[in-house]
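Hi,

Here is the structure I promised to pass on. Have a look at it first, and then read my notes underneath.

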Amino acid sequence: MTDNTILRYLTELNDNNDRQWYHSHKEGFQKAKTEFEGLIQELIYRIGKTDRSILHQNPRDLTFKLVRDTRFSHDKSPYNPAFRAHISSKGKLPIPVGYYIINLNNYKPLKLPYFAEKFSLKSGVRLRQTMPNSNKLVTH
């Protein structure tokens, strides 16, 4: 599996972040989304070797939408040009803590693993706020 389709689509979406472009490129989105779900399935199998509680999860149920809530944001870009997923025994729910898949900094090639030790359940600190600037795929 390669990430060329994913990265090409995310780069184009980042450069053309508007509804008209997004709707006219649905086929590219579907290909990239399918490839990303394949990556998530592979991660489920690999992580499942040591954490069997996640093996029953379906990648479609773990991914987040690209649409952004822009109501209170200064950035009114309608789409978040990143495929994101949270792998845990409870699906996307943040508790229990699972494995977050986030592609940071202009969506450079995906690299595994970068383990986020800084996430704290008690403090409620968001993972994105605790991560250093990095171009790595983040897993936790």
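Below is what I found, going from the overall fold to the aromatic residues, a pocket and a few single residues.

One thing to keep in mind from the start: this is a predicted model.

**The overall picture**

The protein has 4 helices and 3 strands. If you walk along the sequence, they come in the order α-α-α-β-β-α-β. There are 140 residues, and 41% of them count as buried. If you take the contacts with a separation of 6 or more, 59% are between residues 24 or more positions apart. The accessible surface is about 8800 Å², and carbon and sulfur atoms make up 50% of that.

**The aromatic residues**

How many aromatic pairs does the whole structure hold? A search turns up 7. One of them is tyrosine 22 with tyrosine 79: the ring centres sit 4.2 Å apart and the planes are at 20°, so this pair counts as stacked. Tyrosine 22 belongs to helix 2 (residues 19-24), while tyrosine 79 is in the loop between helix 3 and strand 1 (85-87), so the pair ties together parts that are 57 residues apart in sequence. As for burial, both tyrosine 22 and tyrosine 79 are buried.

There's a second stacked pair to look at. The rings of phenylalanine 29 and phenylalanine 83 have centres 6.3 Å apart and planes at 20°, so they are stacked as well. This pair also links distant parts of the chain, with phenylalanine 29 in helix 3 and phenylalanine 83 in the loop between helix 3 and strand 1, 54 residues apart. Phenylalanine 29 and phenylalanine 83 are both buried.

Zoom out a little and you'll see that ring pairs join Tyr9, Trp21, Tyr22, Phe29, Phe36, Tyr79 and Phe83 into a cluster.

**More on tyrosine 79**

I spent some extra time on this one. Tyrosine 79 sits in the loop between helix 3 and strand 1. Its relative accessibility is 4%, so it counts as buried, the cut-off being under 20%. And what does tyrosine 79 touch, leaving out residues up to four places away in sequence? The list is Leu13, Asn17, Asp18, Arg19, Tyr22, His23, Leu66, Val67 and Arg68. For arginine 19, which is 60 residues from tyrosine 79 along the chain, the C-alpha atoms of the two are separated by 8.3 Å.

**The second largest pocket**

This pocket holds about 250 Å³ of space. Its lining is made up of Tyr22, Phe29, Lys33, Glu37, Arg60, Thr63, Phe64, Lys65, Leu66, Val67, Phe83 and Lys92. You'll recognise Tyr22, Phe29 and Phe83 from the aromatic cluster. By class, the lining comes to 6 nonpolar, 1 polar and 5 charged residues. Which element gives the largest share of this lining? That's helix 3 (residues 26-48), with 3 residues.

Glutamate 37, one of the lining residues, lies in helix 3. Its relative accessibility is 11%, and because the limit for buried is under 20%, glutamate 37 counts as buried. Leaving out residues up to four places away in sequence, glutamate 37 touches Pro59 and Arg60; Arg60 is also among the residues lining the pocket.

**And one from helix 1**

Threonine 11 is in helix 1 (residues 4-15). Is threonine 11 buried, partly exposed or exposed? At 39% relative accessibility, threonine 11 falls between the 20% and 50% limits, so it counts as partly exposed. Its C-alpha atom and that of alanine 82 are separated by 9.3 Å, with their positions 71 residues apart along the chain.

If you want a place to begin in the viewer, try the tyrosine 22 and tyrosine 79 pair, then move on to the pocket that Tyr22 helps to line.

Cheers

Definitions and conventions:
Residues numbered from 1 in each chain as written. Predicted model: local features only at pLDDT ≥ 70, side-chain atom pairs only at ≥ 80, totals over all residues. Heavy atoms only, no water. 1 Å grid on protein atoms, 1.4 Å probe; cavity = no way out; pocket = protein on both sides within 12 Å on 5 of 7 lines; lining within 4 Å. Points joined across faces, edges and corners; volume = space filled by probe spheres on them. Helix = DSSP H or I, 4+ residues; strand = E, 2+ residues; numbered from the N terminus. Nonpolar A, V, L, I, M, F, W, Y, C, P; charged D, E, K, R; others polar. Phe/Tyr/Trp six-rings, centres within 6.5 Å; stacked < 30°, edge-to-face > 60°. Buried < 20%, exposed > 50% of the residue type's maximum accessible area, 1.4 Å probe, protein only. Contact = heavy atoms within 4.5 Å. Areas by Shrake-Rupley, 256 points an atom, 1.4 Å probe, with all protein chains shown as cover.
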